[in-house]
Amino acid sequence: MWDPTLGQFQPGYPAQMNDLQFINAPVILDVTGDGMAEVLQSSAMYDLQGYGAAGLPADGFPKLTGGWSVASAGAGDLDGDGTLELALSTREGNLFLWSTAGATCQSVEWPKNGHDLHNSGNYATDADRPGPIFDVTIERVGDEIVVRFTGSGDDGTCGSAAGYRITAGDVVVDAPAGATEVRLPAATLPAGTVVSVQGIDDVGNIGFAGTAVLGAATTPSAPVVRVVPVVPAGPAATPPRRTLPATGGDPAGALPLLLLGLAVAGRSAIRRVTSAQRASPCSPRGVVATPRNGS
Ligand SMILES: [Ca+2]
Ligand SMILES: [Ca+2]
Ligand SMILES: [Ca+2]
């Protein structure tokens, strides 16, 4: 882990791995639930290592697999309980899945190989589109069709979408952040029209659609809705991205190595990347794990 403000490794790094790390790369995010990121790296020695402050093992690590890995770990909230799961495959074809205490809606540093779902390799890329909208309803009120929905997150279920796109046949309407209702002229929408609602995030990613089908209303204000959820519901929205301190681990256990590292470095204090530096597009990002063999 390299500190670009000092031009040297942070104390305790490079951390020692058991064996070759082939094709894979570290992923960096909080898996212990303390709000500070860990560096996770699998190897050919049947394990997934997790390092925190001063290069010390994170709580609950290493994870043992009994086979060597040629892939980076992946993280996501598979069961929608608000905490992340970690997934890792081995060369033999076994797929492992571990529960973690890391929050689903955290400010992840480098959550996967290639950083994001676009594999941009760019710390600043937001490739997480808004989560699905589950409760689209349609009501015919006089000469209008009223479309109602509950908003979605900006990154999946996390945060708040920057706006919404409502599509009904050939009619497309963009609604602002916080919108929960849009009115469309009924005359342009025959029975059977599919109405979809999608969140749009602050960089233009368009989310999963929630849909409803316009029925043949016989009385004003009567519900004429068939709701079609797209995917199962996720957890409630939580804090925004990019606020996570660089590294975690056990501060008490890390202290001796930390002091040793400082003495070696001849410096009086560790400097972390500041918030301002993180915000700069030209500044180096939080942490970089460097394998022992330099590969
Ligand atoms: Ca942590
Ligand atoms: Ca989970
Ligand atoms: Ca997003």
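In this predicted model, strands S3 (residues 27–29) and S4 pair in the antiparallel sense, and three bridges link them. One position in this pairing is easy to find: Val27 stands opposite Leu40 in S4. On to the next partner, S4 is joined to strand S5 (residues 47–51) by four bridges, and these two strands also run antiparallel. Here Ser42 stands opposite Leu48 in S5. S4 and S5 form a hairpin, with four residues between the two strands. In the turn of this hairpin sits Tyr46, whose phi is positive, at about 65°.

How many of the five residues of strand S4 are buried? Five of the five residues in S4 (residues 38–42) are buried, so the strand is largely enclosed by the rest of the structure. The two faces of S4 can be looked at in turn. Glu38, Leu40 and Ser42 are buried on one side, and Val39 and Gln41 are buried on the other, so that both faces are covered.

The surroundings of these strands become clearer when the nonpolar residues are considered. The largest nonpolar core has 24 residues, and the ones that touch the most other members are Val27, Leu29 and Ala73. At least two residues of this core come from each of S3, S4, S5 and strand S8 (83–89). Ala73 is a helpful residue to follow from here. Apart from its neighbours within four places in sequence, Ala73 is in contact with Val27, Leu40, Ser42, Leu48, Leu86, Ala87 and Leu88. Among these contacts are Val27 and Leu40, the two residues that stand opposite each other in the pairing of S3 with S4. Ser42 and Leu48 are also on the list, and they face one another across S4 and S5. There is a second, separate core as well, made of 17 residues that include Ile133, Ile138, Ala161 and Ile200.

Elsewhere in the protein, three strands form an open sheet in the order S10-S11-S14, with antiparallel pairing. Its edge strands are S10 (137–141) and S14 (181–185), each of which pairs on one side only. From one strand to the next, the twist averages 25°. Within this sheet, five bridges join S10 to strand S11 (residues 144–148). One of the paired positions brings together Thr137 and its bridge partner in S11, Arg148.

A loop residue offers a contrast to the strands. Gly215 lies in the loop between strand S16 (210–214) and strand S17 (225–228). Is Gly215 buried or partly exposed? Gly215 counts as partly exposed because it has 16 C-beta neighbours inside 10 Å. Gly215 and Gly192 are 23 residues apart along the chain, and their C-alpha atoms are separated by 5.8 Å.

Taking the protein as a whole, the secondary structure comes to two helices and 17 strands. Of its 295 residues, 36% count as buried. Among contacts between residues at least 6 apart in sequence, 61% join residues at least 24 apart.

Finally, a word on confidence. The average pLDDT of the protein is 79, and 73% of the residues score at least 70. Over residues 242–246 the pLDDT stays under 50, and the model has 18 contacts beyond four places in sequence for this stretch. Residues 257–295 also have a pLDDT below 50, with 58 contacts in the model beyond near neighbours in sequence. Where pLDDT is low, predicted coordinates should not be read in detail.

Notes
Residues numbered from 1 in each chain as written. Chains lettered and ligands numbered in written order. Predicted model: local features only at pLDDT ≥ 70, side-chain atom pairs only at ≥ 80, totals over all residues. Buried ≥ 20, exposed ≤ 12 C-beta atoms within 10 Å, placed from the backbone. Pairing = 2+ DSSP bridges. Contact = placed C-beta atoms within 7 Å. Axes fitted to C-alpha atoms, helices over the stretch in contact; angles between N-to-C directions. Core = buried A, V, L, I, M, F, W, Y, C linked by C-beta atoms within 7 Å. pLDDT = per-residue confidence, 0-100.
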